[in-house]
Amino acid sequence: MSADRTVVVWRSALLSGSETFVRQHGAHLTRWRPVYLGAAKVASALAEETDVVVFPGSFWTLRLTGWSPRLRRALRAQRPALVHAHFGGDGWLVSRAASGVPLVVTVHGHDVSRQPAAPGLRGLRYRRNLRAVFRRATVILAVSGAIRDRAVAWGADPAKVRVHHTGVPLPAAVPDVPKQWDVVFVGRFVAKKGVDDLVEALGPARALFIGSGPLLDRVRDRARELGVDATFAGQLDPAAVARHVAAARILAAPSKTAADGDAEGLPTTILEAAALGVPAVATRHSGIPEAVVDGVTGLLGAEGDRVALAANIARLLADDELRSALGRQARAHVETNFDLVRQTAALEDLYDALATGPAAAPGGPASRSPRTSPPPGPSASRSASGPAAGSA
């Protein structure tokens with residue numbers, strides 16, 4: 001397969017600093033050449049000079065109608081063999097311009113949870129557009145089994161939908177560094193991340209919070225009221241995030257469904273921490289159980305259960321042997337099921353099949369929810385699945 005075969009990677013806003021998965025997707029292609037195409041440029045560490053931006057100003061006409069001759073010309077100028085759009089709404093924006101070229105759309109979370117559930121005309125319009133892109137797409141990729149089910153519930157043809165774990169880069173070895181933090185949180189300060197639950201559950205742990213968002217001030221003030229030993233680092237570049245996560249004993253990812261229906265797909269922070277040998281304390285939310293095998297690679301509790309969250313954090317911090325075992329097994333689980341190199345190779349196999357003929361790609365075993373393979377663990381770690389490990 002020639003490496004000059006082009007896939008246009010479409011994201012309307014190129015590129016938010018939190019969307020490393022989009023850039024990594026293209027960076028690890030070996031048989032295809034990615035071209036990043038977007039409607040508007042975003043000032044972030046992930047934006048690159050080679051990104052192709054279609055609209056120097058507003059693109060309200062495209063947002064309103066889903067059609068733009070300028071976008072069609074820009075897309076054709078790249079001579080793509082395939083277009084891959086991230087998020088359902090963005091898939092709709094590019095779907096008419098991509099007519100005649102195989103279109104892959106990845107749905108990630110809020111695009112098939114909160115947005116289609118919006119009330120009134122806004123929700124009605126989004127649901128109409130989502131059904132349209134589901135019809136036009138050649139293949140729909142979901143980042144977890146739970147997100148696949150959401151897409152099907154909103155009208156996607158089950159035969160078109162495949163679960164594809166995006167994957168994360170794996171360092172050659174787990175870093176051997178001193179532990180500076182008991183607990184680290186990485187993510188946006190929004191309701192679905194459960195960061196409000198975390199600050200209530202921390203107790204005496206020394207915690208680092210990485211990220212920003214609308215709930216930041218509230219969480220910081222609450223930490224001060226509770227006397228929590230918490231450091232708020234703001235947004236950091238990926239290398240700095242990795243250094244801090246490696247220096248933590250556990251990652252906290254207490255995600256939950258927000259009041260407006262917003263939900264996770266599968267938080268990459270859990271996978272990135274596991275790649276560094278850091279186990280997670282998390283919740284049984286959306287695709288998280290595909291990444292965190294309770295009692296084997298981390299500990300799970302119910303969404304919003306602060307008592308279980310506090311108990312799981314305290315348990316892992318008090319048991320060095322258990323924490324080490326879960327960290328080793330978390331790394332093994334990621335190596336088997338979420339290695340970015342392997343996952344990108346599988347994605348290129350799909351691209352190849354679509355370029356040969358769309359009929360070769362949809363359906364088949366990969367369209368079903370995945371069964372990830374948990375690594376075998378010692379009997380001592382399996383005891384973590386008992387009542388103290390996270391009753392809901």
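Which side chain meets that of Glu19 in a salt bridge? The partner is Arg11, and the N-to-O distance in this salt bridge is 2.8 Å. Keep in mind as you explore that this is a predicted model. The briefing below starts with salt bridges, moves on to one strand and its neighbours, and ends with cavities and a pocket.

**Salt bridges**

- Side chains of opposite charge can pair when their charged atoms come close.
- In total, the structure holds 22 salt bridges.
- Let's return to the pair from the opening question: Glu19 and Arg11 are both buried.
- A second salt bridge joins Asp51 to Arg23, with 3.1 Å between the closest N and O atoms.
- Asp51 sits in the loop between strand 4 (40–41) and strand 5 (52–53), while Arg23 belongs to helix 1 (residues 20–27), so this pair ties together parts that are 28 residues apart in sequence.
- Both Asp51 and Arg23 are buried.
- Lys192 and Asp262 form another salt bridge, and here the closest N and O atoms are 3.6 Å apart.
- This pair links distant parts of the chain, 70 residues apart: Lys192 is in the loop between strand 10 (181–186) and helix 7 (195–201), and Asp262 is in the loop between strand 13 (248–253) and helix 10 (268–275).
- Are Lys192 and Asp262 buried or exposed? Lys192 has a relative accessible area of 12%, so it counts as buried, and Asp262 is buried as well, with a relative accessible area of 10%.
- Asp196, Asp197, Lys256 and Arg306 are joined into one network by salt bridges that share partners.

**Strand 6 and its neighbours**

- How many residues of strand 6 (residues 82–86) are buried? Five of its five residues are, and the strand is mostly covered.
- Try following the side chains along strand 6: Leu82, His84 and His86 point one way, Val83 and Ala85 point the other way, and all are buried.
- Strand 1 (residues 5–10) pairs with strand 6 in the parallel sense, over four bridges.
- To find one of these places in the model, look for Val9, whose bridge partner in strand 6 is His84.
- Strand 6 also pairs with strand 7 (residues 103–107), in the parallel sense and over four bridges.
- Here you can look for His86, whose bridge partner in strand 7 is Thr106.
- Together with helix 4 (residues 88–95), strand 6 and strand 7 make a right-handed β-α-β unit.

**The largest cavity**

- The count of cavities of 30 Å³ or more comes to four.
- The largest cavity holds about 130 Å³ of space.
- It is lined by 15 residues, and the closest to its centre are His84, His86, His164, Thr166 and Leu347.
- Two names here should be familiar from strand 6: His84 and His86 point the same way from that strand.
- Which elements each supply at least two residues of this lining? They are helix 1, strand 6 and helix 14 (340–356).
- Helix 14 gives the largest share, with four residues.
- By class, the lining of the largest cavity has five nonpolar residues, 10 polar ones and no charged ones.

**The second largest cavity**

- The second largest cavity has a volume of about 50 Å³.
- Its lining residues include Phe185, Val186, Leu251, Ala252 and Ala253, along with Lys193 and Glu264.
- Strand 10 and strand 13 each supply at least two residues of this lining.
- Strand 13 provides the largest share, three residues.
- Sorted by class, the lining of the second largest cavity has six nonpolar, two polar and two charged residues.

**The second largest pocket**

- The second largest pocket contains about 610 Å³ of space.
- Of the 23 residues that line this pocket, Gly89, Asp90, Gln115, Arg122 and Tyr126 are the closest to its centre.
- The elements that give two or more residues to the pocket lining are helix 4 and helix 5 (120–136).
- Helix 4 has already appeared above, as part of the β-α-β unit with strand 6 and strand 7.
- The residues that line the second largest pocket divide into nine nonpolar, six polar and eight charged.

Notes. Residues are numbered from 1 along each chain as its sequence is written. This is a predicted model: local features need pLDDT of at least 70, side-chain atom pairs count only at pLDDT 80 or more; totals for chains, interfaces and linings use all residues. Side-chain values use heavy atoms; hydrogens and water are left out. A salt bridge is a side-chain nitrogen of Lys or Arg within 4 Å of a carboxyl oxygen of Asp or Glu. Buried means under 20% relative accessible area, exposed over 50%, partly exposed in between (1.4 Å probe, protein chains only). Two strands pair if DSSP finds at least two bridges between them. A crossover is right-handed if, with the strands pointing away from the viewer, the path from the first strand over the helix to the second runs clockwise. On a 1 Å grid over the protein atoms alone, a cavity is a set of points where a 1.4 Å probe fits but cannot get out, and a pocket is an open set with protein on both sides within 12 Å along at least five of seven lines; lining residues have an atom within 4 Å of a point. Grid points are joined across faces, edges and corners, and a volume is the space filled by probe spheres set on the points. Ala, Val, Leu, Ile, Met, Phe, Trp, Tyr, Cys and Pro count as nonpolar, Asp, Glu, Lys and Arg as charged, and the others, Gly among them, as polar.
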